Amino acid sequence: MDTRAILVAAGRGERMGATRPKAFLSLAGQTLLERSARALGAAPSITAVVAVVPASDVDEARDLCEALAKPCVVVAGGERRQDSVRAGLAALPSGFEGVVLVHDAARPLVSIALVEAVVQAAREHGAAIPVVPLADTIKQVGDGRIAGTVDRDRLAAAQTPQGFRLDLLARAYERAFADGVVVTDESMALERLGLPVACVPGSSRNRKLTTPDDLAWAERVLRADLGA
Ligand code: C5P
């Protein structure tokens, strides 16, 4: 089944405190955009990548993506993450019927094995996402007080890439937009329609880089990989 990846890289990444959008920050000499695009392109099942970047950065992204082993189309994203995903979906070839993976450019350390696990599960179940258990006890808070404790055994943190048969994702997105709902990941759009989403084990290495500390952590991981 033809499988394509949408790489969402159009966020500003305010918590990085940088002037450039997050996907254009350098991690050990390569931008997060390049690293994430290469990581997706290295997975045998992925036939092509759609990179969604800020409108002002489309030309630069096209230069960066030229060296990819797989075909890469670059398009401008939107205000919210879901607007960027929708722009990515619109850039898929007409008549495409396969599986679509949506991945955050802010997770450049994703492994080929994880991408392939999501692809296989999405092909089998129609929808699949990686999840990791929570280490901390999670509290409900309000007015500066603890309002309760959530049963941690029933919770998990969602990662990307999230994989879907295109017909399911397109239907779920259409409904979310028609209903004026904000979704913070793709799975949520399917969940609200009662569509089943399978889980595959995520990875602590596939952390979303949000702050300068996260970027420093990723630099250390890459240095350790090289034995430096
Ligand atoms: O902001 P956050 O880190 O949650 O964003 C997750 C991913 O979604 C990032 O890779 C970011 O570039 C992308 N995004 C986007 N368009 C937006 C907002 C976020 O492509 N408008």
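These are my notebook entries on the ligand, the pocket around it and two backbone details.

**Entry 1: The model**
I recorded at the outset that this is a predicted model.

**Entry 2: Residues around the ligand**
I looked up which residues surround the ligand and found 14 of them. V8, A10, G78, S84 and K208 come nearest. I then sorted the shell by class: five residues are nonpolar, three are polar and six are charged.

**Entry 3: Polar contacts of the ligand**
I next looked up distances between N or O atoms of the protein and atoms of the ligand. For V8, a backbone N or O atom lies 2.8 Å from a ligand oxygen atom. K22 takes part through its side chain, where an N or O atom is 3.0 Å from an oxygen atom of the ligand. At E79 the backbone is involved again, with an N or O atom 2.9 Å from a nitrogen atom of the ligand. I also noted how much of the ligand is covered: on its own it has 460 Å² of accessible area, and the protein covers 81% of this.

**Entry 4: The largest pocket**
Which space does the ligand take? I found that it takes the largest pocket. The volume of this pocket is about 1,000 Å³. I counted 43 residues in its lining, and V8, R81, D104, T184 and K208 lie nearest its centre. V8 and K208 are thus noted here as well as among the residues that come nearest the ligand.

I then looked up which elements contribute to the lining. At least two residues each are supplied by the helices α3 (81-90) and α6 (186-191) and by the strands β7 (127-132), β10 (157-158) and β12 (198-201). By class, the lining holds 19 nonpolar, 12 polar and 12 charged residues.

**Entry 5: Backbone details**
Where is there a cis peptide bond? I found one from T160 to P161, with omega near 10 degrees. P161 is placed in the loop between β10 and β11 (162-165).

I also looked up A28, which is not a glycine yet has a positive phi of about 45 degrees. A28 is found in the loop that lies between β2 (26-27) and β3 (30-31).

Note on methods
Residues numbered from 1 in each chain as written. Predicted model: local features only at pLDDT ≥ 70, side-chain atom pairs only at ≥ 80, totals over all residues. Heavy atoms only, no water. Near = heavy atom within 4 Å. Polar contact = N/O pair within 3.5 Å; in protein donor to acceptor, adjacent residues only side chain to side chain. Areas by Shrake-Rupley, 256 points an atom, 1.4 Å probe, with all protein chains shown as cover. 1 Å grid on protein atoms, 1.4 Å probe; cavity = no way out; pocket = protein on both sides within 12 Å on 5 of 7 lines; lining within 4 Å. Sits in = over half its atoms within 2 Å of the grid points. Nonpolar A, V, L, I, M, F, W, Y, C, P; charged D, E, K, R; others polar. Points joined across faces, edges and corners; volume = space filled by probe spheres on them. Helix = DSSP H or I, 4+ residues; strand = E, 2+ residues; numbered from the N terminus.
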